[in-house]
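Welcome! Here is a short tour for anyone meeting this structure for the first time. Please have a look at the sequence and the model before reading on.

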Protein chains: 2
Amino acid sequence: MKKKKVSLKDIANELGVSATLVSYVINNREKEGRVGKEMAKKIRATAERLNYKPNHFARSLKNQKSRSIGLILADISNPFFANMARIIEDEASKNNYTVIIGSSDERPEKMERVLNFLSSRQVDGFIIVPTENSQDQIRTLLAEKTPFVLVDRRFDDISCNSVMTDNFLASYKAVNHLIKNKSRRMGIVTYDSDLNNHKDRLKGYLEALKNNKMRVDQQLIKRIKYNQNDNDIYKCVKSLVDERKVDSIFFTTNTLTLKGLKAIHNLGLKISKDIEILAFDNNEVISFYNYPVTQVIQPIEKICKESIAILLDLIENSPGKISNTIFEGKLSR
Amino acid sequence: MKKKKVSLKDIANELGVSATLVSYVINNREKEGRVGKEMAKKIRATAERLNYKPNHFARSLKNQKSRSIGLILADISNPFFANMARIIEDEASKNNYTVIIGSSDERPEKMERVLNFLSSRQVDGFIIVPTENSQDQIRTLLAEKTPFVLVDRRFDDISCNSVMTDNFLASYKAVNHLIKNKSRRMGIVTYDSDLNNHKDRLKGYLEALKNNKMRVDQQLIKRIKYNQNDNDIYKCVKSLVDERKVDSIFFTTNTLTLKGLKAIHNLGLKISKDIEILAFDNNEVISFYNYPVTQVIQPIEKICKESIAILLDLIENSPGKISNTIFEGKLSR
DNA sequence: TTAAATTGCTTAAACGTTAAAGCAAAAATA
DNA sequence: TATTTTTGCTTTAACGTTTAAGCAATTTAA
């Protein structure tokens with residue numbers, strides 16, 4: 001049998017005072033509660049002695065606030081999102097919020113399930129990496145006036161708070177950089193997706209080619225389904241290299257890069273010598289082997305901090321204004 | 001302003017009945033509450049229509065159970081533990097439990113902080129990967145009769161529930177396997193740690209050498225501090241290869257393996273041709289490049305499922321018995 | 001045909017907390 | 001000195017849920 005937890009009442013009884021008085025002191029609101037100095041000291045001492053820990057359930061029930069937020073990621077096993085989770089958790093806990101994490105696995109039905117689950121856990125708001133085709137769920141949240149912020153992706157036709165990298169600009173600058181460094185023929189491997197972040201990355205590529213007066217060759221654009229297997233990417237890379245004779249390849253996500261590097265490795269190609277690689281985001285393999293790869297580094301920390309800031313503002317002050325924040329990405333190596 | 005949530009009372013008022021009645025139906029305990037069939041049907045319909053979601057805080061407050069468990073990992077950024085988190089979360093949610101994750105970062109003070117934090121969130125119990133020197137915290141939990149299970153590691157001098165791989169046996173079998181496959185001189189790179197899992201892995205290595213009548217050379221045993229930098233491992237590997245002329249190296253954790261592989265790569269050595277590698281656990285680099293590495297694969301899923309089973313049994317039935325479960329690891333490749 | 005059991009519901013209290021309102025006694029102001 | 005204000009506390013009610021106890025009306029058993 002677990003020992004019963006110490007409650008406000010226990011402290012109150014110990015000192016022969018009311019629970020209200022103790023509550024004020026515990027919450028450092030003795031001024032407001034007009035608690036005497038002596039008494040406050042005694043209460044604090046007793047709370048310490050009995051090892052009092054406030055009951056968050058009672059508190060949340062009374063306050064109608066849980067001080068917890070739901071974080072819905074597209075894919076928890078992707079290190080990019082895992083990293084995001086870590087930062088958001090840190091940032092939230094600085095503000096005394098707990099984060100409950102859910103993963104939608106890139107499927108709108110799963111996202112709805114997770115939303116419902118977290119909502120039944122009374123989270124005060126959400127930070128969401130929305131999946132493709134989850135517009136309905138987002139609209140429902142808007143209708144319910146649930147506080148939430150989209151990160152990493154947004155929908156052009158839904159007006160709501162969002163925070164992300166300027167994917168178009170980052171992509172444009174990166175591709176431009178490679179062209180200036182003498183890439184004459186660049187292939188791109190991207191997801192076959194409606195999500196605006198992927199579309200923007202492709203747009204950046206196209207715009208950079210155009211601005212450098214290079215012809216866009218549709219054969220150099222490889223679109224991969226989400227549920228691709230490694231072999232699909234291998235084939236794309238092989239085709240780009242063998243048939244299309246590219247001198248560089250742009251992989252638009254970290255997972256694509258990982259699989260792409262494997263293909264390049266298996267094809268016996270040497271990066272820098274045989275081919276230049278441009279990658280969105282970092283990954284373990286690149287950093288471990290110090291592959292000479294040009295990377296777009298997203299300001300994840302900024303993104304996470306900003307989204308928490310916006311969300312907490314929504315929760316605590318609920319102003320009606322909507323902001324779509326974008327941060328610039330950085331090129332590295 | 002967020003719309004107010006629907007409560008039992010709202011449903012009750014809608015139908016002109018008492019909240020109690022609704023509660024019984026919602027919890028599928030209409031038999032127990034002797035609720036009429038017609039009424040039950042009406043209540044269910046109304047609950048559905050109003051999109052009723054039970055308030056977990058009120059429930060937990062009343063029941064003195066939160067249906068949530070605290071998971072304290074040694075290091076959330078280690079994929080081994082991240083994977084564990086995923087499985088435990090899955091398993092818990094099958095049983096309608098929520099998991100709140102904390103990371104001790106291998107430091108006992110941090111572990112204590114996380115324990116306190118989760119405890120103030122009224123978790124019903126803990127699954128813990130204990131850090132070195134956290135015996136005091138574990139003893140406190142025992143004294144408080146808080147339900148908990150240790151995973152991956154335990155302390156020989158504390159009697160409590162634990163679930164892990166048979167590290168000694170797995171290590172013994174793996175080393176033995178390499179010796180049978182003609183390794184004549186095997187180095188080992190392990191953590192300089194008091195944790196029993198690391199000690200057992202070293203013991204397995206020693207025992208396998210002994211059983212094969214091979215001399216134990218202390219120079220072949222490299223102990224690394226937790227806060228090592230990559231260079232320390234590089235030096236160890238270089239020393240083993242250049243000075244000690246080993247024909248194989250045993251890395252006893254996935255992080256050591258990752259850094260070790262990098263060292264081997266940088267030394268220009270070819271695995272299988274120049275050196276054989278034995279690794280505890282899988283990692284992204286091995287699986288991505290299909291390195292011909294002999295691996296000990298821990299039955300993480302079994303471990304997680306068993307620890308959840310034990311914990312929930314403790315929470316829900318609280319029998320006094322203590323079990324120290326060990327599962328066999330598997331060799332692969 | 002009467003007593004006992006069952007059915008279908010309600011009321012009241014409790015979980016631990018907080019907020020508003022209230023009430024003496026002491027202190028400040030007139 | 002009489003009145004107002006301040007200080008230091010208490011009481012009450014509420015958040016949404018569950019549980020025990022209770023109470024008529026109906027059904028079953030004796």
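Two residues are in contact here if their C-beta atoms, placed from the backbone, lie within 7 Å. By that rule, in this predicted model, the contact between chains A and B takes 33 residues from chain A and 33 residues from chain B. On the chain A side, several elements supply at least two residues each, among them α6 (79-94), α7 (108-120) and α12 (254-266). The most comes from α5(A), with 5 residues.

Let us turn to the DNA. Around DNA strand D there are 25 residues, and the closest include A:Ser18, A:Gly36 and B:Leu8. Both chains have elements that give two or more residues to this surface: α2 (19-26) and α5 (56-63) of chain A, and α1 (8-15), α2 (19-26) and α4 (56-63) of chain B. Here α4(B) gives the most, with 5 residues.

The make-up of the two surfaces is set out below.

| Surface | Nonpolar | Polar | Charged |
|---|---|---|---|
| Side of chain A that touches chain B | 12 residues | 12 residues | 9 residues |
| Surface near DNA strand D | 11 residues | 9 residues | 5 residues |

Chain A also holds an open sheet of 6 strands, in the order β2-β1-β3-β4-β5-β11, with parallel pairing. Because β2 (98-103) and β11 (324-327) of chain A stand at the edges with a single partner strand each, one side of each is left without a neighbour in the sheet. On average, neighbouring strands of this sheet are turned by 20 degrees against each other, direction ignored. Strand β1 (residues 68-73) of chain A pairs with β2(A) in the parallel sense over 6 bridges; A:Ile69 has A:Val99 in β2(A) as its bridge partner.

Definitions and conventions. Residues numbered from 1 in each chain as written. Chains lettered and ligands numbered in written order. Predicted model: local features only at pLDDT ≥ 70, side-chain atom pairs only at ≥ 80, totals over all residues. Near = placed C-beta within 6 Å. Helix = DSSP H or I, 4+ residues; strand = E, 2+ residues; numbered from the N terminus. Nonpolar A, V, L, I, M, F, W, Y, C, P; charged D, E, K, R; others polar. Pairing = 2+ DSSP bridges. Axes fitted to C-alpha atoms, helices over the stretch in contact; angles between N-to-C directions.
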